[in-house]
Amino acid sequence: MASFKSLPGFRDFYPEELAPRTHLFRQWRRAAHAYGFQEYDAPVLESLDLYKAKSGDEIEGQLFSFADKGGRDVALRPEMTPTVCRMVGARANALKRPIKWFSIADFFRYERMQKGRGRCFAQFNADIFGEAGPEAEIELISLLIQCLRGLDLQAEDFYVRLSDRNLWFFYLAALGLEEEQTQSMLGAIDKFERLGEEAFKVYTDAHGAMSAELQAAVQRMLAIKTLSDLETVVAELDHPQLSARLDDWRRVLSGLEAMGLAEFVSVDLGVVRGLAYYTGFVFEAFDRKGDLRALAGGGRYDNLVQKLGGPDLPAVGFAIGDMTMELLLQERGLLPDVANKPDVYVVIGGPEERRVAFGDIAALRAVGYRVDYPLKDLGFGKQFKNATESGARLALIYGGDELANGVVKLRDLSQREEFEVPREQVALAVSDFLSA
RNA sequence: GCGGCCAUAGCUCAGUUGGUUAGAGCACUAGAUUGUGAUUCUAGGGGUCGCGGGUUCGAAUCCCGUUGGCCGCCCCA
């Protein structure tokens, strides 16, 4: 038993474990590129104050934080949003709008290990800065959907629940709630799905009993499933801000519909997300069948860049986590075998033949073929076994008999058929075989 | 931070009321096999039985503690 192990909550990625993750990253990157997003990266370590400024002092308990040797209070990043706001804020005047950026990176949170949750995990983050209108939401929600569809997940596998904190702000204000009451109520709404009416304790504990009318009004919003439900409720209130907000809803939903994505999106005002900094539309992606955590989440945060010291810059963003995503793909059998298999395995007769084979191996590799061979001299039987197990389709045989005749033998490993070609035509023969 | 379950080889597990040198399958390495791979046979490497303490003539086994893991709660950027 090895005396050193990885730290609690941290994962080793042996090749067979890295492969699925690489698959996720590749598909996410492909989707982001297709949508015209630019990739960026950033330091793993940031000033502790950056996170306190965004989330409050309580956040420190959930961070990997410490004082560095220069006495600076620092933290391993628990999320990308503060960092990307810092970066964009610093160059906001020089960046062409809209700013569409994405990253794939590791994050660290000091918390208890659980299914789909660890102390180090990866996220895909995508954000649009500088666009205040709902077109940014359309672009990001469709990118989110594409990130999951690129992994072969379909509309029956997942969906995106779309909600709106602005709608709640206006609605609760119209019902007579003050700012603080509104925040408590959003906390209750966040828990309503899990706790039912129990969730309103969050509100009543802080602000006293709520009227039957208030509770009925909130639950009525929570019951909304479609845009027309929403239009009905809003029409009854005859409230100018709410009516204006409905226009944004129509634009988002009709935009997504025009992209052919209507079946992936549902109206669900039960999603408010815990963060106080969200200012408008918020959305989360969920597995339709299982009981996994949210696959992804995001929303609009128009005040955050400024709050972190930058200019007033509207922003929308979302993140997808790797752990829950991988659990889902595993459940669905959608993790492909992406082990690195050689195209060609070279079987070598002995030391003399090895020298000759090395020249051809180098030439094949130089033009991009994946070529493997045994590092030590082995019997032919063992070499053919290795060739098969390597996953190569083709074996090249460099034996004494062949080389004496100036030829190399090609063996089709699946058909178990062999043929000889002159040595100088090996590259051509390999190319013909593999492209056939 | 709180609660429940668990911990024996790389993996899945067996191990009798506490009793000799802790086992199997899979995987790995080598041989049978000096020019032909999915089978077969043989051999080998790999364990301070999570760690520490206690009870005992004797502990993988019983007791206490601790660490780690899984699941749930809190939280979830």
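Helices here are DSSP runs of H or I at least four residues long, numbered from the N terminus. Keep in mind that this is a predicted model.

**Exercise 1. Place S390 and work out whether to call it buried or exposed.**

Start with the element: S390 sits in helix α14. Next, check the accessibility. Buried means under 20% relative accessible area, and S390 has 16%, so it counts as buried. Then look at what the side chain does: it reaches the backbone oxygen of A387 at 2.7 Å. A general point about helices helps here: with 3.6 residues a turn, residues three or four places apart point the same way. Finally, look further along the chain. Once neighbours within four places in sequence are set aside, S390 is in contact with K341, P342 and Y345.

**Exercise 2. Describe the protein surface around RNA strand B.**

Step one is the head count. There are 37 residues around RNA strand B, and L275, T388, L413, R416 and E418 come nearest. Step two is to sort them by class: 12 are nonpolar, eight polar and 17 charged.

Step three is to look from the RNA side. Take the atoms of RNA strand B within 4 Å of the protein: 47% belong to sugar or phosphate, and the rest to bases.

Step four is to pick out some polar contacts:

- K115 uses a backbone N or O atom, which lies 3.1 Å from a phosphate oxygen of RNA strand B.
- R194 has a polar side-chain atom 3.3 Å from a phosphate oxygen of the strand.
- R273 has a polar side-chain atom 3.1 Å from a sugar or linking oxygen of RNA strand B.

Step five is to ask which elements give two or more residues to this surface. They are α6 (179-195), α14 (380-390), α15 (400-404) and β15 (407-412). Of these, α14 gives the most, with five residues. That's the helix you met in Exercise 1, where S390 has its place.

**Exercise 3. Find out how well helix α5 is covered, and by what.**

Count first: α5 runs over residues 165-174, and seven of its 10 residues are buried, so call the helix mostly covered. Now name the buried ones: R165, N166, L167, W168, F170, Y171 and L172. What lies over them? The cover includes β7 (158-164), α6, α8 (212-222), α9 (227-237), α10 (240-258) and β9 (281-287). You've seen α6 already, among the elements that give residues to the surface near RNA strand B.

Last, check both ends. At the start of α5, a side-chain oxygen of D164 comes within 2.8 Å of the backbone nitrogen of N166. Just after the helix, G176 takes a positive phi of about 95°.

**Exercise 4. Locate A262 and describe its surroundings.**

A262 is in the loop between α10 and β8 (265-267). Its relative accessible area is 41%, so A262 is partly exposed. Leave out residues up to four places away in sequence, and A262 touches L256 and E257. Compare that with A244: A262 and A244 are 18 residues apart in sequence and 22 Å apart in space, going C-alpha to C-alpha.

**Exercise 5. Characterise the second largest pocket.**

Begin with volume: the second largest pocket holds about 230 Å³ of space. Then take the lining, which has 14 residues; closest to the pocket's centre are P15, L18, A19, V338 and A339. Finish with the classes: the lining divides into eight nonpolar, three polar and three charged residues.

Note on methods: Residues are numbered from 1 along each chain as its sequence is written. Chains are lettered from A and ligands numbered from 1 in the order in which they are written. This is a predicted model: local features need pLDDT of at least 70, side-chain atom pairs count only at pLDDT 80 or more; totals for chains, interfaces and linings use all residues. Side-chain values use heavy atoms; hydrogens and water are left out. A residue is near a molecule or strand if one of its heavy atoms lies within 4 Å of it. A polar contact is a pair of N or O atoms within 3.5 Å; within protein, one must be able to donate a hydrogen and the other to accept it, and residues adjacent in sequence count only if both atoms are side-chain atoms. Ala, Val, Leu, Ile, Met, Phe, Trp, Tyr, Cys and Pro count as nonpolar, Asp, Glu, Lys and Arg as charged, and the others, Gly among them, as polar. Buried means under 20% relative accessible area, exposed over 50%, partly exposed in between (1.4 Å probe, protein chains only). Contact means heavy atoms within 4.5 Å. On a 1 Å grid over the protein atoms alone, a cavity is a set of points where a 1.4 Å probe fits but cannot get out, and a pocket is an open set with protein on both sides within 12 Å along at least five of seven lines; lining residues have an atom within 4 Å of a point. Grid points are joined across faces, edges and corners, and a volume is the space filled by probe spheres set on the points.
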